[in-house]
Amino acid sequence: IYEDQGYLINGEKGFGDFLDKVGRDVGIVLDFGNHYNVDEPVDGFFRAFHDRVCHVHLKDVICAAQPDGTPGWIPTLKGNYFKVVSMGEGIIEHCKYVTMLEEAGYQGCYSLEFGAETENSSVVDEALENLNNWLLR
């Protein structure tokens, strides 16, 4: 099982090239936030590889042309920036993607991946509440 991440093994083309070089049938850990490393939403990647998804990492991100000075900003391949935030505070359309996964027959596990820098412990509770609302809608 391989996860879409970084600049090279990510996005529809980069991950497709990687899979071609692997040269065998492998599963994918789909991470909704990692696509922003290469400035792509998950849609194209999902359409290309949905039949290989074995596990899903759920996280949320915000994007910007320039970081706002707070810690945690990650530069993208195309020179923009993204930052992991508490689930439900970012731009990722989790309900849409969970629905797409269900419609494609996905019955695997979801992991809440939370890497936002915060002193506020209630954000984990809020993230879990949002996750339950999306999965149990």
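This section describes the confidence of the model, its nonpolar core and first helix, its aromatic pairs, and the loop between β2 and α2.

The structure is a predicted model. The mean pLDDT of the chain is 87, and 92% of the residues reach 70 or more. Confidence varies along the chain, from a mean of 76 in α4, where it is lowest, to 94 in strand β5 (residues 74-75), where it is highest.

The largest nonpolar core contains 26 residues, and those that touch the most other members are Phe15, Leu19, Leu30, Phe32, Val56 and Leu101. Two or more residues each are given to this core by α1 (11-22), β2, α2, β3 (53-58), β6 (81-85), α3 (94-103) and α4 (122-135). Helix α4 is thus a contributor to the core, although the lowest mean confidence in the chain also falls there.

Helix α1 has 12 residues, for which a rise of 1.5 Å a residue predicts a span of 16 Å; the C-alpha atoms at its ends are 16 Å apart, in agreement with this value. The buried residues of the helix are Gly11, Gly14, Phe15, Gly16, Phe18 and Leu19. Their cover includes β1 (2-3), β2 and α2. After the helix comes Gly23, which has a positive phi near 75°.

Within α1, Phe15 belongs to the group of core residues that touch the most other members. Apart from residues up to four places away in sequence, Phe15 touches Tyr2, Glu3, Asp4, Leu8, Ile9, Asn10, Ile28, Phe45 and Phe49. These partners include Tyr2, Phe45 and Phe49, which also form one aromatic cluster together with Phe15 and Phe18.

The count of aromatic pairs in the model is 7. One of them, Tyr2 with Phe18, is edge-to-face, with 4.9 Å between the ring centres and 80° between the planes. Because Tyr2 lies in strand β1 and Phe18 in helix α1, this pair ties together parts that are 16 residues apart in sequence. Tyr2 is partly exposed, at 27% relative accessibility, whereas Phe18 is buried, at 18%. Phe15 and Phe49 have ring centres 5.8 Å apart and planes at 65°, so this pair is also edge-to-face. It links distant parts of the chain, since Phe15 is in helix α1 and Phe49 in helix α2, 34 residues away. Phe15 and Phe49 are both buried.

The loop between β2 (28-31) and α2 (43-49) holds Asn34, His35, Asn37 and Asp39. Asn34 has a relative accessibility of 6% and is therefore buried. The side chain of Asn34 makes a polar contact of 3.0 Å with that of Glu3. Beyond its neighbours within four places in sequence, Asn34 is in contact with Glu3, Asp4, Gln5, Asn10 and Lys59. The C-alpha atom of Asn34 is 7.2 Å from that of Gly6, a residue 28 places away along the chain.

His35 has a relative accessible area of 0% and so counts as buried. The side chain of His35 is joined to that of Asp4 by a polar contact of 2.8 Å. With residues up to four places away left out, His35 touches Asp4, Asn10, Gly11, Leu30, Glu40, Pro41, Val42 and Phe45. Among these, Gly11 is one of the buried residues of α1, and Phe45 is a member of the aromatic cluster.

Asn37 is likewise buried, with a relative accessible area of 10%. Outside the four places on either side in sequence, the contacts of Asn37 are Gly6, Tyr7, Asn10, Ile74, Thr76, Leu77 and Phe82. Asn10 thus appears among the contacts of Asn34, His35 and Asn37.

Asp39 is partly exposed, with a relative accessible area of 23%. Most residues other than glycine have a negative phi. Asp39, which is not a glycine, has a positive phi of about 55°.

Note on methods
Residues are numbered from 1 along each chain as its sequence is written. Side-chain values use heavy atoms; hydrogens and water are left out. Helices (H or I, at least four residues) and strands (E, at least two) are DSSP runs, numbered from the N terminus. Buried means under 20% relative accessible area, exposed over 50%, partly exposed in between (1.4 Å probe, protein chains only). Contact means heavy atoms within 4.5 Å. A polar contact is a pair of N or O atoms within 3.5 Å; within protein, one must be able to donate a hydrogen and the other to accept it, and residues adjacent in sequence count only if both atoms are side-chain atoms. A nonpolar core is a set of buried Ala, Val, Leu, Ile, Met, Phe, Trp, Tyr and Cys residues joined through side-chain atoms within 4.5 Å. The expected span of a helix is 1.5 Å times one less than its number of residues. pLDDT is the predictor's confidence in each residue, from 0 to 100. Rings of Phe, Tyr and Trp (its six-membered ring) pair if their centres lie within 6.5 Å; planes under 30 degrees apart count as stacked, over 60 as edge-to-face and the rest as tilted.
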